[in-house]
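Trainee: I am new to this structure and would be grateful for a close look at a single part of it. Please take me through the sheet and what surrounds it, in one connected account.

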Amino acid sequence: MRVLIVEDEAKLANLLRRGLAKEGIAADVLGNGEDALWRATATDYDAIVLDVMLPGIDGMEVCRRLRAEGVAAPILMLTARDSVEDRVAGLDRGADDYLTKPFSYAELLARLRALFRRGPAE
């Protein structure tokens, strides 16, 4: 399995990368929306973990553009934005799941496993 982590908090991104590696999941880490758009369209990922509050292009717009470009990898939004409106906006822009910070690492893994089982959208 291969995951793209788009998170501008370097410490969190590295913790996620190391944790996923222990689970046998390869992870690429990027810190901004522009790089995420380029990488996610150039590489096939089994899932994308996408922060909403990114420098430059925010995660909501990244998600919308990825879906418009035909990227079918499941997207899990991981963000501190926890209002119902934010969750609805993320899902409406194409996210497959939405997890708010702070979060349980066990729950993140469970949600990723669920996304892997579903596979990419047709």
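Mentor: P102 is found in the loop that runs between β5 (97-100) and α5 (105-118). In this predicted model, the peptide bond joining K101 and P102 is cis, with omega at about -10°. As a general matter, most peptide bonds are trans.

From that loop one may step back into the sheet. β5 belongs to an open sheet of five strands, whose order is β2-β1-β3-β4-β5 and whose pairing is parallel. At the edges stand β2 (26-30) and β5, each of which pairs on one side only. On average, neighbouring strands of this sheet are turned by 20° against each other, direction ignored.

In general, strands of a sheet pair through backbone hydrogen bonds, in either a parallel or an antiparallel manner. At one edge, β5 is paired with strand β4 (residues 75-79) in the parallel sense, over four bridges. Within this pair, D97 in β5 has L76 standing opposite.

Helix α3 packs on the sheet, where it touches β3 (47-50), β4 and β5. The direction of α3 makes about 175° with that of β4.

Turning to the other edge, β2 pairs with β1 in the parallel sense over five bridges. Here V29 in β2 is the residue opposite I5. Strand β1 (residues 2-6) is mostly covered, since four of its five residues are buried.

The helix that packs on the sheet also has a helical partner. In general, two packed helices are described by the angle between their axes and the distance between the axes. For helix α2 (residues 33-42) and helix α3 (residues 59-68), the axes come within 10 Å and cross at roughly 25°. Angles under 35 degrees count as roughly parallel, and therefore α2 is roughly parallel to α3. The crossing in which α2 passes α3 is right-handed.

The residues that form this contact can be named on both sides. α2 contributes G33, A36, L37, A40 and T41, and these meet V62, R65 and L66 in α3. By character, the residues of the contact of α2 with α3 comprise five nonpolar, two polar and one charged.

To draw the account together, α3 has contacts in two settings: α3 touches β3, β4 and β5 of the sheet, and V62, R65 and L66 of α3 meet residues of α2. The edge strand β5 is followed by the loop that holds P102, and the cis bond between K101 and P102 is where this account began.

Notes: Residues are numbered from 1 along each chain as its sequence is written. This is a predicted model: local features need pLDDT of at least 70, side-chain atom pairs count only at pLDDT 80 or more; totals for chains, interfaces and linings use all residues. Side-chain values use heavy atoms; hydrogens and water are left out. Axes are lines fitted to C-alpha atoms, for helices over the stretch in contact, and angles run from 0 to 180 degrees between N-to-C directions. Angles under 35 degrees count as roughly parallel, over 145 as roughly antiparallel, 65 to 115 as roughly perpendicular and the rest as oblique. A crossing is left-handed if the near helix is turned anticlockwise from the far one by less than a right angle, and right-handed if clockwise. Contact means heavy atoms within 4.5 Å. Ala, Val, Leu, Ile, Met, Phe, Trp, Tyr, Cys and Pro count as nonpolar, Asp, Glu, Lys and Arg as charged, and the others, Gly among them, as polar. Two strands pair if DSSP finds at least two bridges between them. Buried means under 20% relative accessible area, exposed over 50%, partly exposed in between (1.4 Å probe, protein chains only).
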